Amino acid sequence: APPTSISVLAADTPAPFSRYQAQNFTLVCVVSGGKPAPLVYFKRDGEPIEATPLPEPPAGASSWAPRNLLHRDVDDTKLPKSLAAEGELGVGNPFPTADPPRGLAAERDSVTETIPETVVSREFPRWVHMAEPIYYFRHTHAPVSDGTVEARATLTWTLNPQIDNEALFSCEVKHPALSMPMQSEVTLVAPKGPKITMTPTRARVGDTVRILVQGFQNEVFPEPLFTWTRVGSRLLDGSAEHDGKELVLERVPAELNGSMYRCTAQNPLGSTDTHTRLIVFENPNIPRGPEDSNG
């Protein structure tokens with residue numbers, strides 16, 4: 001039986017953008033409905049990706065391959081000499097139980113490492129940009145109750161937003177019952193130009209105001225994180241920030257008139273800020289009194 005569905009997801013998202021520290025990034029391709037198990041592979045911008053295979057992890061384990069497999073089939077000449085012995089800079093290792101394979105960001109005790117002379121970047125001063133990223137591939141499959149097989153393939157590498165933003169990744173599937181490969185594709189895109197709406201459009205004292213991110217000027221992948229802050233002060237409930245697409249201000253007082261709110265939208269590819277100002281009009285149903293000026 002041929003596979004019936006294929007999808008590509010980003011693991012461990014939503015996740016923030018990190019300007020100065022390398023982050024590992026993993027795409028997950030899920031293929032359902034096939035029997036026998038299909039062959040799954042990834043492409044970048046239409047070209048097959050040469051990836052170092054990782055063995056299937058033991059049941060219940062989340063660690064990388066044993067140490068003697070970590071550096072197999074990896075060309076150390078692609079790495080700056082100063083890093084060849086000690087691994088790359090940065091944090092964000094999602095596999096804390098063992099050293100990650102070479103080419104992936106590693107957890108470090110100190111965040112004040114000496115910057116090798118090979119690092120030349122104005123925007124990302126602490127990053128090591130290899131000309132060719134080192135990809136790691138893992139393929140697993142599990143039987144389903146209907147007799148078919150669910151296949152999962154993962155592709156992991158150290159993300160470089162300068163190069164990976166707007167890169168097209170596709171997952172393709174070959175199967176004996178398919179005349180042509182099935183495929184699903186995603187484009188890695190940083191958020192740009194959040195579109196914000198405020199209701200009610202004419203807020204009055206005592207109203208509950210909702211400020212919502214409705215979308216972006218572009219198709220964003222993976223899903224972004226949203227953080228709201230008030231410029232120069234705390235939010236109405238006293239908190240410093242609020243996470244989520246929507247910011248709700250309950251029973252706004254007159255003192256919030258003119259207050260400015262910042263929404264930060266970010267994913268591992270980038271971050272963007274947008275601002276909106278709240279104008280609060282008098283409410284004839286709420287008489288003004290000395291308590292208003294006291295907040």
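A residue is called buried here when its relative accessible area is under 20%, exposed when that value is over 50%, and partly exposed in between. With that cut-off in hand, the reader can follow the charged and aromatic side chains through this structure, which is a predicted model.

Side chains of opposite charge can pair when their charged atoms come close. A search of the whole structure finds five salt bridges. One of the salt bridges joins the side chains of E172 and K43, with 3.5 Å from N to O. This pair connects distant parts of the chain, since E172 belongs to strand 8 (residues 168-174) and K43 to strand 3 (residues 39-44), 129 residues apart. Both E172 and K43 are buried.

Strand 3 also holds R44, whose side chain forms a salt bridge with that of D164 at 2.7 Å, N to O. Because D164 lies in helix 3 (residues 161-164) and R44 in strand 3, the pair ties together parts of the chain that are 120 residues apart in sequence. R44 has a relative accessibility of 15% and therefore counts as buried, and D164 is buried as well. The side chain of R44 meets that of D45 in a further salt bridge, at 3.9 Å from N to O, although D45, at 47% relative accessibility, counts as partly exposed. Through these shared partners, R44, D45 and D164 are joined into one network of salt bridges.

Turning to the aromatic rings, the count comes to five aromatic pairs. In one of them, the ring centres of F42 and F137 are 6.1 Å apart and the planes stand at 75°, so the pair is edge-to-face. F42 lies in strand 3 and F137 in strand 6 (residues 135-143), so this pair ties together parts that are 95 residues apart in sequence. F42 is buried, with a relative accessible area of 4%, and F137 is buried at 17%. W157 and F169, by contrast, form a stacked pair, with 4.9 Å from centre to centre and 25° between the planes. Here the link runs between W157 in strand 7 (residues 149-159) and F169 in strand 8, 12 residues apart. W157 is buried at 0% relative accessible area, and F169 is buried at 1%. Ring pairs further link W157 and F169 with F25 and Y135 into a cluster.

Another aromatic residue, W228, lies in strand 13 (residues 225-230) and is buried, with a relative accessible area of 0%. A polar atom of the W228 side chain lies 2.9 Å from the backbone oxygen of G244. Finally, R202 lies over the face of F281, at 3.7 Å from the ring centre.

Methods. Residues numbered from 1 in each chain as written. Predicted model: local features only at pLDDT ≥ 70, side-chain atom pairs only at ≥ 80, totals over all residues. Heavy atoms only, no water. Salt bridge = Lys/Arg side-chain N within 4 Å of Asp/Glu carboxyl O. Helix = DSSP H or I, 4+ residues; strand = E, 2+ residues; numbered from the N terminus. Buried < 20%, exposed > 50% of the residue type's maximum accessible area, 1.4 Å probe, protein only. Polar contact = N/O pair within 3.5 Å; in protein donor to acceptor, adjacent residues only side chain to side chain. Phe/Tyr/Trp six-rings, centres within 6.5 Å; stacked < 30°, edge-to-face > 60°. Lys NZ or Arg CZ within 6 Å of the ring centre and 35° of its normal.
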